[in-house]
Amino acid sequence: MTWARFGDVIIPLSSVSIMRIQTAPDSKWCVEVSFYQGTYLSSVQTPAFATKPEAERVAERIAHGTYWEGV
């Protein structure tokens with residue numbers, strides 16, 4: 001099974017429902033991942049990145065299970 005870690009939250013990628021790149025309030029970019037915890041849909045976000053290509057690279061890392069925030 002492949003996983004991604006967001007601080008204290010470890011997500012099995014098989015539970016991910018939506019992953020999107022969006023603008024943060026300060027005109028930066030972040031990746032939001034929505035996933036199921038049992039029957040509940042939860043969301044986490046990466047820290048903000050200065051450019052959209054940076055956020056796209058992180059989204060790729062999340063999709064391949066190589067993103068471990070806080071490590």
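Here is a walk through this structure, from the whole chain down to a single turn.

Let's start with how far to trust the coordinates, since this is a predicted model. The mean pLDDT of the protein is 87, and 97% of its residues reach 70 or more. Confidence peaks in strand 3, with a mean of 93, and is lowest in strand 6 (residues 68–69), with a mean of 78. As a general caution, predicted coordinates should not be read in detail where pLDDT is low.

Now for the overall layout. The protein contains six strands and one helix, and from the N terminus the order of elements is β-β-β-β-β-α-β. Its radius of gyration is 12 Å, close to the 11 Å that the globule rule gives for 71 residues, so the protein is as compact as a globular protein of that length. The C-alpha trace spans about 35 × 20 × 20 Å along the principal axes. Of the 71 residues, 34% are buried. Some contacts reach far along the sequence: among those with a separation of 6 or more, 34% join residues 24 or more positions apart. On the outside, the protein exposes about 4,500 Å², and carbon and sulfur atoms supply 53% of that area.

With the outline in place, follow the chain from its beginning. Strand 1 (residues 3–6) pairs with strand 2 (residues 9–12) in the antiparallel sense, over four bridges. One place to look is Arg 5, whose bridge partner in strand 2 is Ile 10. These two strands make a hairpin with two residues between them, and Gly 7 takes a positive phi near 60° there.

Next comes a three-stranded sheet. It is open, its strands are ordered 3-4-5, and the pairing is antiparallel. Strand 3 (16–23) and strand 5 (40–45) are at the edges with a single partner strand each, so one side of each has no neighbour in the sheet. On average, neighbouring strands of this sheet are turned by 20° against each other, direction ignored.

Within this sheet, strand 3 and strand 4 (residues 29–37) run antiparallel and are joined by seven bridges. Two residues of strand 3 can help you find the register: Val 16 has Phe 35 as its bridge partner in strand 4, while Ile 18 stands opposite Ser 34. As a general point to keep in mind while viewing, side chains in a regular strand alternate between the two faces of the sheet.

The connection between these strands deserves a closer look. Strand 3 and strand 4 form a hairpin with five residues between them. Which residue in this turn has a positive phi? That is Ser 27, with a phi near 65°, a positive value in a residue other than glycine. Most residues other than glycine have a negative phi. Ser 27 is also exposed, because its relative accessible area is 62% and the cut-off for exposed is over 50%.

Lys 28 lies in this loop between strand 3 and strand 4 as well. At 35% relative accessibility, Lys 28 counts as partly exposed. What does Lys 28 touch, leaving out residues up to four places away in sequence? The answer is Gln 22, Thr 23, Ala 48, Phe 49 and Ala 50. You can also check the spacing to Pro 47, which is 19 residues from Lys 28 along the chain: their C-alpha atoms are separated by 9.5 Å.

Technical notes: Residues are numbered from 1 along each chain as its sequence is written. This is a predicted model: local features need pLDDT of at least 70, side-chain atom pairs count only at pLDDT 80 or more; totals for chains, interfaces and linings use all residues. Side-chain values use heavy atoms; hydrogens and water are left out. Two strands pair if DSSP finds at least two bridges between them. Axes are lines fitted to C-alpha atoms, for helices over the stretch in contact, and angles run from 0 to 180 degrees between N-to-C directions. The radius of gyration is taken over C-alpha atoms; the globule rule is 2.2 Å times the number of residues to the power 0.38. Buried means under 20% relative accessible area, exposed over 50%, partly exposed in between (1.4 Å probe, protein chains only). Contact means heavy atoms within 4.5 Å. Accessible areas come from the Shrake-Rupley method with a 1.4 Å probe; for residues, only the protein chains shown count as cover. pLDDT is the predictor's confidence in each residue, from 0 to 100.
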